[in-house]
Amino acid sequence: MRRTVYGEDHEDFRKTLRAFIETEVVPFHDEWFAAGIVPRELYTKMAELGLFGIRVPEEYGGAGIDSHKFEAIQYEETARAGVTFGGSGVHVLLALPYILMLATEEQKQRYLPNFVAAEEMWALAMTEPGTGSDLAGMRSTAKRTAEGTYILNGAKTFITGGVHADRVIVAARTSPATAEDRRHGISLFAVNTHSEGYSIGRKLDKLGLRTSDTAELSFVDVEIPAEDLLGEEGRGFYYLGTNLASERWGIAHGAYAQAEAAVRFAHDYVLQRQVFGQPVAAFQNTKFELAACKAEVDAAQAVADRALEALDNHDLTPAEAASAKLFCTEVAHRVIDRCLQLHGGYGFMNEYPIAKLYADNRVNRIYGGTSEIMKTIIAKDMGL
Ligand SMILES: Cc1cc2nc3c(=O)[nH]c(=O)nc-3n(C[C@H](O)[C@H](O)[C@H](O)COP(=O)(O)OP(=O)(O)OC[C@H]3O[C@@H](n4cnc5c(N)ncnc54)[C@H](O)[C@@H]3O)c2cc1C
């Protein structure tokens, strides 16, 4: 089926990005994989290419393009090359929507030029050691002082980009939950990570996404100036709910792209690997497996593309985003596993891209809300 989401501009961008990945990422990726983090200079180079400013209005140094299609191409091209851009996905996919939606004019002028130039890298901290799926259960507090600043205390975990970040959007309670509404009283702050009392704990040792810096954070009496409150005090849960749809589309699209890359890796592998005197591709099982995977990937592409169009039209609903995430990530899980199987033992070796894809993809069904939470959202939307 002919794809209709991209035009000539997008395909030109794809070529530029592919060349960038080949020269600036592929040669160093094994080293970054072993180190468990990408160097900060990668982000500077990505900024020079304009990757962080695509959706940022021109007056703050961006390109002012109100579309996620260029991000979608980044997911497709990194998956195709079997690499990642470290933890930088959260900078644009997770943090930027909050700045664009909530920041005042003064905040935009202060935050966005540095955001675009990668002078300040951003992350988003919702999850806590005691609560992930149940965000309303968060315990970090930000108490307002008589001078109007806020004092932040608490801890966050699993924060992608947490080591490199200069600003983290932290969700914390500014007032206790009420008996009627557990979601009440959560606020969002753009916390400067160089503040006193802010510390980065362990960089977590993960099964996959080895190049992204996922960290624990802790806050002891961190003073946040009032001008770093994002949006209205107490409306944080609502803001989180609104922006999670774009995050979930991003995970859905990334998962589809990984599944497509897996089929390509397996296709190439089975043609050259000889078993019992013939290529693995000669077995009917191989053909059937890859054909079934291809059909699933085609369906995931259609879902991801449709969600992308809806997102760009600003009418992707939370339930539709949940549905796209559930479908694409579950497809990717099945497809990548089957493609790895076709590699035999080599598929288990990290030097083969399918092994890294297998490990990297696993978290897609967990973060941004688990598959079970996606089902809960969809069922609620069905009136169940
Ligand atoms: C690599 C990685 C990167 C991450 N990056 C970030 C980040 O940048 N920022 C951030 O804030 N968070 C981040 N997270 C956190 C992530 O969003 C959470 O891990 C996720 O939401 C699940 O929360 P949890 O781990 O506490 O699992 P839990 O909530 O403890 O869930 C455990 C199990 O219970 C199930 N469950 C929970 N509630 C229900 C229910 N109502 N019905 C049925 N089953 C249920 C879950 O589906 C799961 O199977 C990241 C996580 C990982 C692993």
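The following exercises, with worked solutions, concern a predicted model of a protein chain with a bound ligand.

**Exercise 1. Describe the overall make-up of the protein chain and judge its compactness.**

Solution. Begin with the secondary structure: the protein chain contains eleven helices and ten strands. Next, compare its radius of gyration, 21 Å, with the 21 Å that the globule rule gives for 384 residues; the two are close, so the chain is as compact as a globular protein of that length. Finally, consider the extent of the C-alpha trace, which spans about 80 × 50 × 40 Å along its principal axes.

**Exercise 2. Relate the domain annotations in UniProt to the secondary structure of the regions they cover.**

Solution. Take the annotations in order along the chain.

- Step 1. An unreviewed UniProt entry assigns residues 8–118 to "Acyl-CoA dehydrogenase/oxidase N-terminal". This stretch is 66% helix and 0% strand, and its end C-alpha atoms lie 27 Å apart.
- Step 2. For residues 123–222, the unreviewed entry gives "Acyl-CoA oxidase/dehydrogenase middle". Here the chain is 0% helix and 47% strand, with 17 Å between the end C-alpha atoms.
- Step 3. Residues 234–382 are listed in the unreviewed entry as "Acyl-CoA dehydrogenase/oxidase C-terminal". Over residues 234–382 the content is 74% helix and 3% strand, and the end C-alpha atoms are separated by 29 Å.

The middle annotation thus covers a region with strand and 0% helix, whereas the N-terminal annotation covers one with helix and 0% strand.

**Exercise 3. Identify which parts of the protein supply the shell around the ligand, and classify its residues.**

Solution. First, count the residues: 17 surround the ligand, and the closest are Thr127, Ser133, Phe158, Thr370 and Glu372. Second, sort them by class, which gives nine nonpolar, six polar and two charged residues. Third, assign them to elements: β1 (122–125), β3 (150–160) and α11 (371–381) each contribute at least two residues. Of the elements, β3 gives the most, with three residues. Fourth, turn to the domains: domain 2 (122–234) and domain 3 (238–381) each provide at least three residues of the shell.

**Exercise 4. Locate polar contacts to oxygen atoms of the ligand, and state how much of the ligand the protein buries.**

Solution. Apply a cut-off of 3.5 Å between N or O atoms.

- Step 1. Methionine 126 uses a polar backbone atom, 2.8 Å from a ligand oxygen.
- Step 2. Threonine 370 places a polar side-chain atom 2.7 Å from an oxygen atom of the ligand.
- Step 3. Glutamate 372 likewise has a polar side-chain atom 2.6 Å from a ligand oxygen.
- Step 4. The ligand taken alone exposes 980 Å², of which the protein buries 64%.

Notes. Residues numbered from 1 in each chain as written. Predicted model: local features only at pLDDT ≥ 70, side-chain atom pairs only at ≥ 80, totals over all residues. Heavy atoms only, no water. Polar contact = N/O pair within 3.5 Å; in protein donor to acceptor, adjacent residues only side chain to side chain. Areas by Shrake-Rupley, 256 points an atom, 1.4 Å probe, with all protein chains shown as cover. Helix = DSSP H or I, 4+ residues; strand = E, 2+ residues; numbered from the N terminus. Nonpolar A, V, L, I, M, F, W, Y, C, P; charged D, E, K, R; others polar. Domains from an automatic or database assignment. UniProt positions renumbered as here; feature names shortened; annotations may be inferred. Rg over C-alpha atoms; globule rule 2.2 N^0.38 Å.
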